[in-house]
Amino acid sequence: MKKKRIKIIIALVLFFIALIINFNNEWINNAIYIISYIIVGLEIVRKAMRNIRRGKIFDENFLMSIATIGAFVIGEFPEAVAVMLFYQIGELFQSYAVDKSRKSISSLMDIRPDFANVERNGKLEKVAPDDIKIGEIIIIKPGEKVPLDGYVIEGQSSLDTKALTGESLPRELTEGEEVLSGCINLNGVIKVEVTKEYGESTVSKILDLVENASSKKSKSEHFITKFARYYTPIVVVIAVILAILPPLIVKDATFSDWLYRALSFLVVSCPCALVISIPLSFFGGIGGASKMGILIKGSNYLEQLSNTEIVVFDKTGTLTQGVFEVQKVKAINISEEELLKVTAYSENYSNHPIALSVKKAYNKEIDEKQIIKTEELSGLGIVAKIGEQDILVGNEKLMNEKQIKFEKCNDIGTILYVAIEGKYVGYIVIADKIKDDSIKAIQKLKKNNIKQIIMLTGDRKNVGEEVSKKLGLDKVYTELLPDGKVEKVESLLKERSEKGKLVFVGDGINDAPVLAISDIGIAMGALGADSAIEAADVVLMTDEPSKIVSAINLSKKTMRIVKENIVFAIFVKTLVLILSAFGISTMWEAVFADVGVSCIAIINALRVLRVNYTR
């Protein structure tokens, strides 16, 4: 890309030197034009010749080559160089950054385990995960990644499952429960019996999905290539007929005169307006999107957005804030402030997200001198002595085990029941909060006639269904691991129409495979994982789901402008070509008409920057 930019700059400088400075010597001017052409156009001519040898004759490279060489033959040196310059600049913008980020996705995924601690002959050995066999016992210490799938045979702990499910809340793990590779062990030491070899483990499958999903995505053909398939052979055949046939059948017609007409016809036929305005329209759209905080990685993705039929959302961090907060405090016989205080004091020494959310809600300094004792009961909660009071904070199991009568809460989220001196005093509901912008986004998508709006989540069924109900989604699929999300999206891809596109919106490491396999993958950029941002085709830098609607509206406007320019340019070109063929239009008039069409198309293309797409 750097070499291409340097070539274009040098060619532009030489072109303007020859165009502006009068050397009083036509040979010098023409020599500068030729040098500029060789720098910027030789690559295209070579491609055309190479494609001819391969049997691919009528492409845009052939069209550019024959038209510009024809311009040289009839003495239109500036036109020849300008056409090639415009074409190369358009191509440079078109190819820039498309799929650039997909090359290093797997290196950004920090879930590949480096080692496993395995028990062999009564000793603990550190070995590569792919050397472990089914049935062997591995030890996973706090802070280590789980290297292989298995089930716990000894110990208790909490697992950070973000890499697999995208959920912020750690999962409590006890003996007999399944553990999946790719998670991180947070606190206790656990012994795990391996049930799958590394190649079949969850983490291996995720990495494989990310590394290979990109190849499943089809790439849209460039418009000029498709257009040239039909346009170029027609133009070339007509030019050949113009050069050969009239001198043979028309009285007093000279071969040199009709050859000049044929070459003029070829020069006029070069679709400058399309070459300039189409990339400009797309990249004007991309520029307009960037002003709104939407990064679109290529014009092909901008084009595809206009055909969006199905929008699939991840939940945590995408439609919800991904941060657990106290949503409700219900106090009985004490004040809500006192209930928050005793809970915050009891949770003071814990770094669990639930404890942190309670301390954040309390939002006062904690006097640690009042905390006499705290004891964590795995899978139940906390027993504490704060001042002279015995406090219980935990789940239903803890209340039942301590034989405390309590009022059951049916709210969605994590419920902390609290008892003081053996008496139930209330509960606190902690849950992930739906983004205010998410509701607006779903409403706007429905107004845009999106056929299906769906949510995929690794969270529990009741939580997923509650969020879906509040947002008014069409469908929700819950308790999904990354491979489950991929299967659902692959199934949904079959439901779209031939031209319809599926958009997936996510933010986590676990979303990277789905982002890569979707027609258009959209990632949350401000808080999203690096791998999700790298795998995505569009990045929302402000983490606002409603920006998806802005991107779709921008895409539709861009495509309208592109189609307007195509119709206008082809109409005027056809008219001028007919006039040139009959000798009514001279070369200068043809060149002026061509430049005029290009200018109008450019002005029209710039409209994409001046429209409000938030509606």
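# A tour of two sheets and the helices on them

Start with six strands. They form an open, antiparallel sheet in the order β12-β17-β16-β15-β14-β13. Look at the two ends: β12 (320-331) and β13 (371-377) are the edge strands. Each has a single partner strand, so one side of each is left without a neighbour in the sheet. Now look at the twist. On average, neighbouring strands here are turned by 20° against each other, direction ignored. Keep in mind that this is a predicted model.

**Stop 1: β12 and β17**

Select residues 423-434, which make up β17. This strand pairs with β12 in the antiparallel sense, over eight bridges. For one such pair, show Phe324 and its bridge partner in β17, Asp432.

**Stop 2: the helix across this sheet**

Add residues 353-362, helix α13. Which strands does α13 lie across? They are β12, β16 (414-420) and β17. The helix runs at about 65° to β12.

**Stop 3: the seven-stranded sheet**

Move to the other sheet. This one is also open, with seven strands in the order β10-β22-β21-β20-β11-β18-β19. Its pairing is mixed. The edges are β10 (294-296) and β19 (475-477), and each pairs on one side only. Neighbouring strands of this sheet are turned by 20° against each other on average, direction ignored.

**Stop 4: β20 and its neighbours**

Select 501-506, strand β20. Is this strand mostly covered or mostly open? Mostly covered: six of its six residues are buried. Colour the two faces separately. Lys501, Val503 and Val505 are on one side. Leu502, Phe504 and Gly506 are on the other. Both faces are covered.

Next, show the strands on either hand of β20. With β11, the strands run parallel and are joined by five bridges. Here Val311 stands opposite Val503. With β21, the sense is again parallel, over four bridges. In that pair Phe504 stands opposite Gly521.

Step on to β21 (residues 520-524) and β22 (residues 538-540). These two run parallel and are joined by three bridges. Ala523 stands opposite Val539 in β22.

Now bring in α20, which packs on this sheet. The helix touches β10, β11, β20, β21 and β22. Its direction makes about 50° with that of β10.

**Stop 5: Thr308**

Zoom in on Thr308, in strand β11 (residues 308-314). Thr308 is buried, because its relative accessible area is 9% and the cut-off for buried is under 20%. What does its side chain reach at 2.6 Å? The backbone oxygen of Leu305. Now show the residues that Thr308 touches, not counting those up to four places away in sequence: Ile450, Lys501, Val503 and Ile552. Two of these names should be familiar: Lys501 and Val503 sit on one side of β20.

**Stop 6: α15 against α20**

Finish with two helices. Select 436-447 for α15 and 547-581 for α20. Their axes come within 8 Å and cross at roughly 30°. The helices are therefore roughly parallel to each other, since angles under 35 degrees count as such.

Which residues make the contact? From α15, show Ala441, Lys444 and Leu445. From α20, show Ile548, Val549 and Ile552. By class, the contact has five nonpolar, no polar and one charged residues. Ile552 links back to the previous stop, as Thr308 touches Ile552 too.

Technical notes. Residues are numbered from 1 along each chain as its sequence is written. This is a predicted model: local features need pLDDT of at least 70, side-chain atom pairs count only at pLDDT 80 or more; totals for chains, interfaces and linings use all residues. Side-chain values use heavy atoms; hydrogens and water are left out. Two strands pair if DSSP finds at least two bridges between them. Axes are lines fitted to C-alpha atoms, for helices over the stretch in contact, and angles run from 0 to 180 degrees between N-to-C directions. Contact means heavy atoms within 4.5 Å. Angles under 35 degrees count as roughly parallel, over 145 as roughly antiparallel, 65 to 115 as roughly perpendicular and the rest as oblique. Ala, Val, Leu, Ile, Met, Phe, Trp, Tyr, Cys and Pro count as nonpolar, Asp, Glu, Lys and Arg as charged, and the others, Gly among them, as polar. Buried means under 20% relative accessible area, exposed over 50%, partly exposed in between (1.4 Å probe, protein chains only). A polar contact is a pair of N or O atoms within 3.5 Å; within protein, one must be able to donate a hydrogen and the other to accept it, and residues adjacent in sequence count only if both atoms are side-chain atoms.
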